[in-house]
Amino acid sequence: MSSVATPELLSPNNHRYINLIGGLGSAGVLRVGGIVADYTRYQPNGTSIAERQNTIINHADLERFGEFLEAIGWSVIWSVNFAQGSLQDAIVEARAVAGVLKSRLLALELGNEVENYGHGEKPFRLPPYNYDRYRAEFSEWHAAIQKAVPGIRFAAPDTASSIDWVERMASDARGDVQLLTTHYYRGNQRFGTREQLLHPDPHLEDVLLRLHAVSERAGIPWRMCETNSFFGGGRPDVSDTFVGALWTLDYMLLLAQHGCAGVNIETGVNQLGFISSYSPIQDDLKGTNTAGAPYYGMLAFAAASAGCNQLLPIDANLPGIDLTIYALGSGGKARSIVVINKDDSQDSLLSTKELGIESAIALRLSAPSPDSKTGITLGNSEVSPNGRWTARSKETIHDGAVTVPRMSAVVLRSSTSEAQ
């Protein structure tokens, strides 16, 4: 949330940031929120403050942010201070945000990781704070804000990890929730390891199956609206390496495979007040933004998903190697295949014909080593200092055989799709 109050960060004048976001797609969704939202106030004529537990956003900040959204062509999920703010303040803020951002406002969030409001040394609510108490408060705020700003959409419940709260919110939504939201991190920054990012989380599959199922039942899309590798800013020398890039690509595809409507990968200054190791977009705090290692995973996802609106089933049984394969397409026909080889001991040889593509253009995601923080490339090209990326080489696969070296990934685009 403090990013909006930071001068010239999310600004139409920050051309590097605009270019970096542009590389990920012409349309997308930013989420402005996080724990800082629980310590943020909107004061139309106040003095901007961008601090982790004391942020003030004024009207000029909001207008600048609106111009930034117009420049990138994206929309936003905006959080109001449900933890410590008043309902009246939230109404004033919602009116202002909707008035400035207009169609760029996808949805409003009430609070951040709300199931934790009754926990901690200084809880925001007297414990026990359960779903029923939360739902009663949400309903009161929703009704008042909806009356003040007719037609405004809501994203909820924005839990830290409670899928039960998401399921209950979906079952009694009554039309007052347009987007189901929750968070996910692979683990704690203090105990995060390289191996955790290279091997599946045994608990994640059940979480994603439940989210997909409840979304289907309720007819409400679900979004992983805050996520990254290890909470607390990521694990240095793990999250900010090529391993983090491979994990990001694999994780985003896994979410898409389970019907996720979108993902918000945390970036920039975190709630602890420093630039996170896991940030896709890095910041030197002097006005220069650059691509971090995880950005390349997002970039590969963007290249693979261009022109696709489906994740297609694929039969790839390859025992003895740590490999994941995803097929993306439209109309039931594959347009892209993504192969991620997280095995550190062996290469993989695959046939594109068996994967459903006769001929393909290959974009390889690679780095000097799994632990590299620099020298990461997609299509043999790094992101330039001005934030732009263009593939330097597009390898043509004519004979149907493609090698995926250990600890690398490849995006295979159908030659027919590329021609179109």
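A crossing of two helices is called right-handed if the near helix is turned clockwise from the far one by less than a right angle. With that in hand, here are the close-ups, all taken from a predicted model.

**View 1. Helices α1 and α2 cross in a right-handed sense.** Here α1 spans residues 15–22 and α2 spans residues 59–72. Their axes lie 10 Å apart and meet at an angle of about 45°. The two helices are therefore oblique to each other.

**View 2. Side by side, α1 and α2 meet through a handful of named residues.** From α1 come Tyr17, Ile18 and Ile21, while α2 brings Phe68, Ala71 and Ile72. Sorted by class, this contact holds 6 nonpolar residues, with no polar and no charged ones.

**View 3. The second largest pocket encloses about 370 Å³ of space.** Its lining is made up of 22 residues. Which of them lie nearest the centre of the pocket? Look for Pro200, Asp250, Leu254, Thr324 and Tyr326.

**View 4. Helices and strands both help to line the second largest pocket.** On the helical side, α6 (194–198), α7 (204–218) and α8 (242–257) each give at least two residues to the lining. The strands β7 (179–188) and β13 (323–330) likewise supply at least two residues each. Helix α8 makes the largest contribution, with 5 residues.

**View 5. The lining of the second largest pocket mixes nonpolar, polar and charged residues.** Nonpolar residues number 12 in this lining, next to 4 polar and 6 charged ones.

Key
Residues numbered from 1 in each chain as written. Predicted model: local features only at pLDDT ≥ 70, side-chain atom pairs only at ≥ 80, totals over all residues. Heavy atoms only, no water. Axes fitted to C-alpha atoms, helices over the stretch in contact; angles between N-to-C directions. Helix = DSSP H or I, 4+ residues; strand = E, 2+ residues; numbered from the N terminus. Parallel < 35°, antiparallel > 145°, perpendicular 65-115°, else oblique. Contact = heavy atoms within 4.5 Å. Nonpolar A, V, L, I, M, F, W, Y, C, P; charged D, E, K, R; others polar. 1 Å grid on protein atoms, 1.4 Å probe; cavity = no way out; pocket = protein on both sides within 12 Å on 5 of 7 lines; lining within 4 Å. Points joined across faces, edges and corners; volume = space filled by probe spheres on them.
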